[in-house]
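These are my notebook entries on a structure that I had not examined before. I began with the strands and then moved outward to the cores, a helix, the backbone and the surface.

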Amino acid sequence: MRKSKTLAKIRQGEVIRTCVIGHYIPAYVCHAARAGYDCIWVDLEHRAMTKREVESLLAFSHLYDIDIMMRPPTLEKTGLYRYLEDGAAGLLIPHVSTAERAKMLVDAVKFPPLGDRGIDNAGLDADFHIHDADEYVAWANRETFLCVQIETPEGVHNVEEIAAVEGVDMIFVGPGDLGLRLRQSGEMTLDEAWEIVAAACRKHGKAFGGPTLATSEMQKRKDLGAQLLVNSSEFQGWSAALSQDGRRFEDLT
């Protein structure tokens, strides 16, 4: 059973190098690992893959020893922990605005005594049933993680209670949805929301982070204490490469 690079970085107080994909690109897993990334955020909230495609990406992540943090399209209990059984290192859950929702998620994806996840011990995560059940449960609670997204003003107001929930390993600031709602309400700026999240996480000893594409944004959030820094995606890579390569035609004589 592999150890999570994300959790290792959290425990060492270091930055978690994170990138994003939303499409079935096995080679991306290989190249992200070779480029020194610790974690790939696979987005299934706004994208879709077949079950076999997801299983394949997770298998490649074990082959190349890089974490996959899966953002699932469901909150259904067995649907969530099947991603972990198939080899995901962690789950990223959108729109968690209350401690009650956070506790429900812990119940779904952590084994007793933290939660109430059902045991199989026969998936990729358990090396297909070669480990003692109690050893497997202890490993799963220690080496898989739950990351919850703060994407609403309600979530910001409740973030201290959310961060206090045992079994929540990391808080993720979602600047897209949160920024949209804060621009409409005007109750605080996105920077102020980041600061509130940072203070709650410091108080309760939880890691936090979010999308930080520009170097200046990465540095700004790192200075605030963020560890999970997401700075690359296949969309960003394709767009930049195509623009750069397209300009070569203009240099032809």
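Entry 1, strand pairing. I looked up the partners of β6 in this predicted model. I found that β6 and strand β7, residues 207-211, pair in the parallel sense over three bridges. Within this pairing, M170 has A207 in β7 as its bridge partner. I then turned to strand β5, residues 145-150, which runs parallel to β6 and is joined to it by four bridges. Here I noted that Q149 stands opposite F172 of β6.

Entry 2, the faces of β6. Are the two faces of strand β6 covered or open? I recorded that both are covered: M170 and F172 are buried on one side, and I171 and V173 are buried on the other. This agrees with a general pattern that I keep in mind: side chains in a regular strand alternate between the two faces of the sheet.

Entry 3, the nonpolar cores. Which residues have the most contacts inside the largest nonpolar core? I found I40, M70 and I171, in a core of 53 residues. I followed I40 further and, setting aside residues up to four places away in sequence, listed C19, I21, Y28, V29, A32, I66, D67, I68 and M69 as the residues it touches. A second core, separate from this one, has 16 residues, and I16, C39, C147 and A207 are among them. As a general remark, nonpolar side chains in soluble globular proteins tend to be buried together.

Entry 4, helix α9. I next examined P175, which is found in helix α9, residues 175-185. P175 counts as partly exposed because its relative accessible area is 25%, and the buried class requires under 20%. Apart from neighbours within four places in sequence, P175 is in contact with L180, L190 and P211. I also checked P175 against D191: they are 16 residues apart along the chain, and their C-alpha atoms are separated by 9.7 Å.
Which residues of α9 are buried? I noted D177, L178, G179 and L182. The buried residues of the helix pack against β5, α7 (153-157), β6 and α10 (190-204). Just after α9, I recorded a positive phi of about 70° at G186.

Entry 5, backbone details. Where is there a cis peptide bond? I located one joining P112 and P113, with omega about 10°. P113 lies in the loop between α5 (99-109) and α6 (133-143). H129 is also found in the loop between α5 and α6, and although H129 is not a glycine, its phi is positive, at about 75°. I classed H129 as exposed because its relative accessibility is 53%, and the cut-off for that class is over 50%.
I entered H95 as well, a residue other than glycine with a positive phi near 55°. H95 is placed in the loop between β4 (90-93) and α5. At 28% relative accessibility, H95 counts as partly exposed.

Entry 6, the surface. Which residues form a nonpolar patch on the surface? I found F235, W238 and L242, which together have about 350 Å² of accessible area. W238 is found in helix α12, residues 234-246. I recorded W238 as partly exposed because its relative accessibility is 43%. A general rule about helices is useful here: an α-helix has 3.6 residues a turn, so residues three or four places apart point the same way.

Methods:
Residues are numbered from 1 along each chain as its sequence is written. This is a predicted model: local features need pLDDT of at least 70, side-chain atom pairs count only at pLDDT 80 or more; totals for chains, interfaces and linings use all residues. Side-chain values use heavy atoms; hydrogens and water are left out. A nonpolar core is a set of buried Ala, Val, Leu, Ile, Met, Phe, Trp, Tyr and Cys residues joined through side-chain atoms within 4.5 Å. Buried means under 20% relative accessible area, exposed over 50%, partly exposed in between (1.4 Å probe, protein chains only). Contact means heavy atoms within 4.5 Å. Patches are made of residues with over 30% relative accessible area and no salt bridge: like charges are joined within 9 Å, nonpolar side chains (Val, Leu, Ile, Met, Phe, Trp, Tyr) within 5 Å. Accessible areas come from the Shrake-Rupley method with a 1.4 Å probe; for residues, only the protein chains shown count as cover. A salt bridge is a side-chain nitrogen of Lys or Arg within 4 Å of a carboxyl oxygen of Asp or Glu. Two strands pair if DSSP finds at least two bridges between them.
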